[in-house]
Amino acid sequence: MYERLKAYEGRPAATSGVGKDTVNEAMIRHWCEAMGDVSPAYPAVAPPTMLQAWTMGGLSGHTGRTAAYDELFALLDGAGCTAVVATDCEQEYLRDLRPGDRITFDAVIESVSERKKTALGTGYFVTTRMDVRGEGQLAGTHRFRILKYAPAAGARTPAEVGAESGGTAATGSRSTVASDSGRTADGAAPGGTTGGAKGARAGRPGARRPRPVVNRDNAGFWDGVARHQLLIQRCTSCSALRFPWLPGCNACGSPQWDTIAASGAGTVYSYVVMHHPAFPAFDPPYAVGLIELAEGVRMVSNVIGVPYDKVRVGLPVSLEFLRVEEDVELPVFRGGGG
């Protein structure tokens with residue numbers, strides 16, 4: 001099987017793709033507001049981390065994927081690896097993208113791993129590399145890695161759970177995204193989880209919660225969590241605070257940093273209530289909060305101690321550390337300010 005899969009390495013996954021929109025100030029502004037990025041460099045140029053955003057297919061989906069890509073996934077599905085979870089991405093930036101730039105891209109199946117056994121199940125890691133161009137010039141590369149796997153015995157995919165509950169079945173698995181820039185399992189910032197107060201401990205008995213992805217860029221954050229400290233990075237060049245953890249300063253680009261411990265006070269800056277997709281480790285509906293800490297940075301995490309329908313923008317919250325499983329402890333926020 002592995003040899004058959006490996007034969008797809010180097011074959012195109014998408015060719016001659018064209019971004020649905022040119023680089024534009026509206027998308028840049030929305031991105032910066034969501035991220036809390038007030039750099040004066042934007043929107044004259046796009047934040048480099050928007051690289052993938054310009055290539056996304058939107059609700060209408062992607063076009064231009066190759067037959068080789070579809071064949072690879074059909075082969076994996078046929079081998080029982082019907083579930084998929086995103087694991088991490090890596091980006092390299094070569095030039096700025098500016099409003100008006102027309103985006104084109106190509107993608108290649110870069111590698112397929114040998115069969116791996118994971119907590120979710122057994123399967124194969126597939127890495128694609130996308131070259132993104134603005135006005136025909138290479139602007140950056142985006143490596144995206146997923147795990148196509150056969151769910152472990154006793155575990156159900158979100159699609160299966162949705163079908164059983166009569167809801168709209170997910171087309172794949174719930175995306176769990178992590179990156180070297182500090183995203184964790186669940187697609188949240190380090191320390192964040194997308195299971196709410198109810199979902200923090202509940203869920204299907206025996207279902208394991210996605211594990212935070214600890215890497216060289218965010219290991220210090222998780223060391224702090226182990227000591228019951230919520231650590232925020234501080235640039236030692238310009239003193240700007242940043243969260244989630246990143247290798248360099250958003251403001252001045254310096255790679256030198258230290259940390260400060262957050263006071264633990266904050267407010268709900270924004271929130272969503274998750275109803276779907278269902279995930280075995282969580283128990284929807286639950287609220288996921290974007291917490292603005294007293295120090296000014298924001299992070300995604302659980303809001304506990306408040307019913308999901310009582311969470312509101314501006315709600316005072318206070319930091320706690322919650323052990324959700326024997327080997328997993330997370331920073332969460334109690335509504336009402338403690």
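1. Cys 238 is partly exposed, because its relative accessible area of 34% falls between the 20% limit for buried residues and the 50% limit for exposed ones. This value, like every other in this note, is computed from a predicted model.

2. The cysteines deserve a further remark. A disulfide is a covalent bond between the sulfur atoms of two cysteines. A search of the whole structure finds 0 disulfides. Cys 238 is accordingly in no disulfide, and the nearest cysteine sulfur, that of Cys 249, lies 3.6 Å away. The criterion applied here requires two cysteine sulfur atoms within 2.5 Å, so the 3.6 Å separation of Cys 238 and Cys 249 does not satisfy it. Cys 89, for its part, counts as buried because its relative accessibility is 16%, which is under the 20% limit.

3. The chain as a whole may be described next. The chain contains 5 helices and 14 strands. Of its 338 residues, 46% are buried. The chain exposes about 15,900 Å², and carbon and sulfur atoms supply 52% of that area. If one considers the contacts between residues at least 6 apart in sequence, 66% of them join residues at least 24 apart.

4. Which strands form the barrel, and in what order? The barrel is closed by 5 strands in the order β10-β11-β12-β14-β13, with mixed pairing. From one strand to the next, the twist averages 50 degrees. Helix α5, residues 219-226, packs on this sheet and touches both β13 (316-325) and β14 (328-335). The direction of α5 makes about 75 degrees with that of β14.

5. One pair within the barrel can be followed residue by residue. Strand β10 covers residues 265-274 and strand β11 covers residues 286-293; the two pair in the antiparallel sense over 8 bridges. Among the residues involved, Gly 266 has Leu 293 of β11 as its bridge partner.

6. A separate description is needed for an open sheet. This sheet has 3 strands in the order β8-β7-β9, and the pairing is antiparallel. Strands β8 (241-242) and β9 (257-261) stand at the edges; each has a single partner strand, so one side of each is left without a neighbour in the sheet. Strand β7, residues 231-235, runs antiparallel to β8 and is joined to it by 2 bridges. Within this pairing, Arg 234 stands opposite Leu 241 in β8.

7. Tyr 93 offers a useful example of a single residue and its surroundings. Tyr 93 is located in strand β2, which covers residues 83-93. With a relative accessible area of 37%, Tyr 93 is partly exposed, because the value lies between the 20% and 50% limits. What does Tyr 93 touch, not counting residues up to four places away in sequence? The residues touched are Pro 48, Thr 49, Leu 51, Ala 139 and Gly 140. Leu 51 is 42 residues from Tyr 93 along the chain, and the C-alpha atoms of these two residues are separated by 8.3 Å. The side chain of Tyr 93 also makes a polar contact of 2.6 Å with the side chain of Gln 91.

8. The last point concerns the two ends of helix α2, residues 25-35. Asn 24 caps the N-terminal end of α2, with a side-chain oxygen 3.3 Å from the backbone nitrogen of Ala 26. After α2 comes Gly 36, whose phi is positive, near 70 degrees.

Definitions and conventions. Residues are numbered from 1 along each chain as its sequence is written. This is a predicted model: local features need pLDDT of at least 70, side-chain atom pairs count only at pLDDT 80 or more; totals for chains, interfaces and linings use all residues. Side-chain values use heavy atoms; hydrogens and water are left out. Two strands pair if DSSP finds at least two bridges between them. Helices (H or I, at least four residues) and strands (E, at least two) are DSSP runs, numbered from the N terminus. Axes are lines fitted to C-alpha atoms, for helices over the stretch in contact, and angles run from 0 to 180 degrees between N-to-C directions. Contact means heavy atoms within 4.5 Å. Buried means under 20% relative accessible area, exposed over 50%, partly exposed in between (1.4 Å probe, protein chains only). Accessible areas come from the Shrake-Rupley method with a 1.4 Å probe; for residues, only the protein chains shown count as cover. A polar contact is a pair of N or O atoms within 3.5 Å; within protein, one must be able to donate a hydrogen and the other to accept it, and residues adjacent in sequence count only if both atoms are side-chain atoms.
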